[in-house]
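Hi everyone, thanks for making time. I'd like to walk you through a structure that may be new to most of you, so let's put it up on the screen.

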Amino acid sequence: MNLNSNFWKNKKVFITGHTGFKGSWLTLILNLLGAKVYGYALNPISKPNFFDGAGLSKFLEKDYRNNIQDLKKLKSAIKKTKPSVVIHLAAQSSVLVSYKKPIDTVKSNVLGTLNILEAISKEKSIKVGLIITTDKVYLNLEKKKKFKENEPLGGHDLYSGSKAASEIIFQSYKKSFFQNTNCCISTARSGNCIGGGDWTKDRIMKDCAEKLIKNKKLVIRRPKATRPWQHVIEPLVGYLVLAQKMFKSSKYSGAWNFGPSSKNNLKVIDLVKFCKKNLKSKSQIKIIKNKYYESTNLALDSSKSFNNLNWETLFTAKEAIKNTLDWYKFYFNRNSRKKIISFSKKQIKNYFNLLNKKD
């Protein structure tokens with residue numbers, strides 16, 4: 001898996017959703033690789049938040065704060081930037097929020113994807129367009145199977161449905177407007193990403209860190225649900241490796257899974273117990289009944305990425321969890337903007353070292 005810093009040096013990269021959890025980490029990774037990064041997103045919704053809290057805008061060439069639903073402003077920003085690579089992360093990313101705000105979810109995830117595809121199709125400087133969706137795009141009938149990229153799309157909850165719809169729109173747009181162009185486009189689906197700086201409501205690792213570190217009661221739902229836990233750096237590196245390949249050849253256009261092997265799937269209750277032990281916490285764990293439907297089993301088959309990109313997760317699930325807890329412990333012990341940036345970069349560099357050893 002060759003992450004080529006020479007490729008990214010001074011490359012213009014336009015990220016939507018750069019103020020979010022994954023966008024913040026991607027901004028730091030691309031900065032370390034020497035890219036020129038441009039961001040387009042709303043202000044962060046959580047308090048605290050990684051991006052503004054750590055002052056990550058200083059790593060951007062331009063920090064646009066606009067809604068992805070505003071096609072005119074989006075096209076204008078891309079036209080001014082003239083990027084080579086566009087990575088679309090902007091989305092309403094919560095299953096539970098989709099039950100409470102269904103219309104906003106569809107607008108963000110479906111119309112937002114439509115707009116970015118339209119904007120990409122109109123800018124000739126763009127050679128790579130990568131649309132990030134989710135492992136929840138698959139029609140999950142709870143048969144404990146590993147989903148391949150060609151599996152049927154669907155979704156019982158509206159978040160999953162909106163993401164599946166965005167994948168279908170992608171396929172239509174690709175066939176209608178990208179057949180005879182110099183731009184290669186793909187979608188990418190990762191597992192359940194964890195890592196420091198995710199302050200989104202109802203995120204299990206955020207809840208574990210906040211409650212267990214302070215020995216407060218932790219409330220969880222669906223303790224027996226399994227998820228493909230992976231550290232956020234892992235799929236982000238996969239996206240960048242894919243983008244490198246797409247830049248050179250249109251044969252890499254399509255859908256790609258970037259999830260861990262199923263042996264890294266853990267039940268929610270096992271993740272919580274591991275966190276509690278790691279933190280030597282005295283917190284009580286309370287299990288509540290889930291009000292809304294959420295899938296019980298999720299697993300991705302990422303053999304396509306392994307065979308064609310030489311990509312695989314390097315962390316076990318427990319290593320990913322430990323790295324995440326280390327970040328939050330550092331944050332709570334030393335609540336310093338400058339120090340948390342340095343700590344985050346150190347985690348990225350440590351991962352780069354693992355990559356170099358693998359290669």
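I'll start with the whole chain, then go through some helices, and finish with a few single residues.

One thing up front: this is a predicted model. So, how many helices and strands does the protein chain have? The count is 13 helices and 13 strands. Lay the chain along its principal axes, and the C-alpha atoms fill a box of roughly 60 × 45 × 40 Å.

Is that what you'd expect of a globule? Well, for 359 residues, a compact globule would have a radius of gyration near 21 Å, and the protein chain comes in at 19 Å, so the two agree. As for burial, 57% of the 359 residues count as buried. The contacts tell us about the fold as well: take those with a separation of 6 or more, and 82% of them are between residues 24 or more positions apart.

Now the outside. The accessible surface of the protein chain is about 16,300 Å², and carbon and sulfur atoms hold 48% of that. On charges, there are 68 positive and 25 negative ones, yet their mean positions are just 3 Å apart.

Okay, helices. Let's begin with α2, residues 21-32. At 1.5 Å a residue, its 12 residues should span 16 Å, and the end C-alpha atoms are 17 Å apart, so that agrees. Is α2 mostly covered or mostly open? Mostly covered, with 10 of its 12 residues buried. That buried set includes F21, W25, L26 and L28, and also a lysine, K22.

L32 belongs to α2 too, but L32 is partly exposed, because its relative accessible area is 28%, and buried would need under 20%. What does L32 touch, leaving out residues up to four places away in sequence? It touches K345, I348, K349 and F352. L314, on the other hand, is 282 residues away in sequence from L32, and the C-alpha atoms are 20 Å apart. After α2 comes G34, with a positive phi near 90°.

Those partners of L32 have numbers in the 340s and 350s, and helix α13 covers residues 337-358. L355 sits in that helix. Is L355 buried or exposed? Buried, with a relative accessible area of 3%. Here's one to look for on the screen: L355 and N2 are 353 residues apart along the chain, and their C-alpha atoms are separated by 7.9 Å.

Next, α7. This helix has 20 residues and reaches 28 Å from its first C-alpha to its last, close to the 28 Å expected. Among its buried residues are Y159, A164, F170 and Y173, along with K163 and E167. And what do the buried residues of α7 pack against? The helices α5 and α6, plus the strands β5, β6 and β11.

Then there's α9, residues 233-248. Its 16 residues should span 22 Å at 1.5 Å a residue, and the end C-alpha atoms are 24 Å apart, which agrees. Of those 16 residues, 13 are buried, so α9 is largely enclosed by the rest of the structure.

Let's move on to the loops. Where is S302? In the loop between β13 and α11. Even so, S302 is buried, with a relative accessible area of 10%. Setting aside residues up to four places away in sequence, S302 touches N257, F258, G259 and W311. P260 is 42 residues from S302 in sequence, and 7.4 Å away C-alpha to C-alpha.

Now for some backbone details. K47 and P48 are joined by a cis peptide bond, with omega about 0°. P48 is in the loop between β2 and α3.

Two residues that aren't glycines have a positive phi: K144, near 55°, and N215, about 55°. K144 is in the loop between β5 and α7, and K144 is exposed, with a relative accessible area of 68%. N215 is in the loop between α8 and β8, and at 43% relative accessibility N215 counts as partly exposed.

So if you take one picture home, take this one: a chain whose radius of gyration agrees with that of a compact globule, with L355 buried in α13 and N2 7.9 Å from L355, C-alpha to C-alpha. That's it from me, thanks for listening.

Conventions: Residues are numbered from 1 along each chain as its sequence is written. This is a predicted model: local features need pLDDT of at least 70, side-chain atom pairs count only at pLDDT 80 or more; totals for chains, interfaces and linings use all residues. Side-chain values use heavy atoms; hydrogens and water are left out. Helices (H or I, at least four residues) and strands (E, at least two) are DSSP runs, numbered from the N terminus. Buried means under 20% relative accessible area, exposed over 50%, partly exposed in between (1.4 Å probe, protein chains only). The radius of gyration is taken over C-alpha atoms; the globule rule is 2.2 Å times the number of residues to the power 0.38. Contact means heavy atoms within 4.5 Å. Accessible areas come from the Shrake-Rupley method with a 1.4 Å probe; for residues, only the protein chains shown count as cover. Lys and Arg count as positive and Asp and Glu as negative; His and the chain ends are not counted. The place of a charge is taken as NZ of Lys, CZ of Arg, CG of Asp or CD of Glu. The expected span of a helix is 1.5 Å times one less than its number of residues.
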